[in-house]
Structure formats: C-alpha cells, structure tokens
Amino acid sequence: FFFSSRRRHTRCLSDWSSDVCSSDLTLAAPPLRQWWWRARVEGTARDWVADLQTARLQALKQGQAMRLQRLEDCQPSLAMGDWRCGWMVLPGAVGGAPVWQNNLQGDLSLQLYPAMNQLPLNAQGNTAFGGLRLTVLPRAFTLSAAQNATLSVCVNNAGRTRLVKASTCSG
C-alpha cells in the first residue's frame with residue numbers, strides 16, 4: 001500500500017515510527033481503517049490496564065493509597081464515568097501531584113461502569129469497588145464497525161483483570 005510523501009495534514013500519530021498519518025488512513029480502504037481503529041482501541045485498553053497494574057504495584061511498594069482519575073481537558077463538560085480525555089495516576093491523598101498521565105485526543109469513547117471519575121486503590125493495591133468495566137470503542141464509527149472494534153476491560157471483585165472483545169463482561 002502506498003502513502004504519498006506529501007502530507008495533506010501535519011498531525012501524525014506520535015507512537016508510530018512510519019509516515020502513516022491519520023488523514024491517510026481515513027481515506028484508505030475500509031479494512032485498513034477498521035484495523036487502525038481496532039489497534040487504537042486495543043492499545044488504549046492495554047495502556048489503562050498497565051497503568052492500573054502499575055498503580056497497584058506502586059501502592060504496595062509505598063504502602064499508600066493511589067488512584068486513577070480521568071482527565072477533563074479535551075471536552076468542556078463530560079458525563080460521569082466518561083474517560084475519553086485520558087487519565088492520570090495520583091497518590092491517594094487529594095491534592096497530590098500526578099505520578100504519570102495518559103492523554104487521549106477524545107476520538108475514542110472510554111466509559112467506566114459503574115460511572116466514576118476516579119478509581120481509588122487502597123494501600124494493598126485493591127480497588128475500592130469490585131465488578132468494574134471500562135468499555136473502549138471508536139466514537140466516529142458506524143454501529144457495525146464499532147461493534148467489531150469494541151473492547152472491555154473487566155475487573156472482578158477479587159481484582160482479576162481481563163480483556164473481552166465485547167461491550168459487556170459476560171460470556
């Protein structure tokens with residue numbers, strides 16, 4: 001597949017080392033576009049899981065509570081549980097500086113169920129709530145294409161995390 005060396009837009013995906021720009025992919029064949037969205041969805045879900053696991057480990061190592069909190073800088077007002085702007089990992093105490101953060105562009109839908117804007121972890125690295133689900137899917141897609149790219153991060157009451165290629169954790 002050939003991509004023109006002249007870019008129509010200058011905004012490229014920073015984590016890809018090739019010369020593939022998002023504008024080129026939107027004009028590409030539908031299967032390539034679906035593959036790209038599926039890769040974005042899966043990468044974002046895996047990043048969230050990795051940050052959750054790292055925050056758990058950090059809480060255990062330091063013996064202090066931690067929390068994942070959504071970012072709100074890509075949209076003026078977000079509904080409760082809407083994490084589309086990304087998230088940051090903070091110490092459990094309110095007002096602490098972020099340990100790290102993951103910024104998103106808002107083109108993916110990330111919805112945390114039950115709807116919360118932060119996910120607290122105790123000093124043992126356990127979530128305060130069991131039965132969590134983070135559903136990730138592309139926002140600008142037809143329903144059938146979005147269903148093919150939907151991925152859920154499921155966290156059970158014991159803290160076990162798994163990825164499911166569906167919008168629910170059952171099955």
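Reader: In this predicted model, which residues does Gln111 touch, not counting residues up to four places away in sequence?
Author: Gln111 touches Met80, Gly81, Asp82, Arg133, Leu134 and Thr135, and Gln111 itself belongs to strand β4, residues 108–113.

Reader: Why is Gln111 called buried?
Author: The relative accessible area of Gln111 is 17%, and since the term buried applies under 20%, Gln111 is buried.

Reader: What makes the approach of the Gln111 side chain to the backbone oxygen of Met80 a polar contact?
Author: The side chain of Gln111 reaches that oxygen of Met80 at 3.3 Å, and a polar contact requires N or O atoms within 3.5 Å, so the pair meets the distance limit.

Reader: How do you know that Cys154 and Cys169 form a disulfide, and why is the disulfide called left-handed?
Author: The S to S distance is 2.0 Å, set against a limit of within 2.5 Å; the torsion about the S-S bond is about -100°, so the disulfide is left-handed. Cys154 lies in strand β7 and Cys169 in the segment after β8, 15 residues apart.

Reader: What makes Asp107 and Arg40 a salt bridge?
Author: Their closest N and O atoms are 2.7 Å apart, where the rule asks for within 4 Å. Asp107 is in the loop between β3 and β4 and Arg40 in helix α2, so the pair ties together parts that are 67 residues apart in sequence.

Reader: Why does Glu42 count as partly exposed?
Author: Glu42 has 32% relative accessibility, which falls between the 20% and 50% limits, so the term is partly exposed.

Terms used: Residues are numbered from 1 along each chain as its sequence is written. This is a predicted model: local features need pLDDT of at least 70, side-chain atom pairs count only at pLDDT 80 or more; totals for chains, interfaces and linings use all residues. Side-chain values use heavy atoms; hydrogens and water are left out. Helices (H or I, at least four residues) and strands (E, at least two) are DSSP runs, numbered from the N terminus. Buried means under 20% relative accessible area, exposed over 50%, partly exposed in between (1.4 Å probe, protein chains only). A polar contact is a pair of N or O atoms within 3.5 Å; within protein, one must be able to donate a hydrogen and the other to accept it, and residues adjacent in sequence count only if both atoms are side-chain atoms. Contact means heavy atoms within 4.5 Å. A salt bridge is a side-chain nitrogen of Lys or Arg within 4 Å of a carboxyl oxygen of Asp or Glu.
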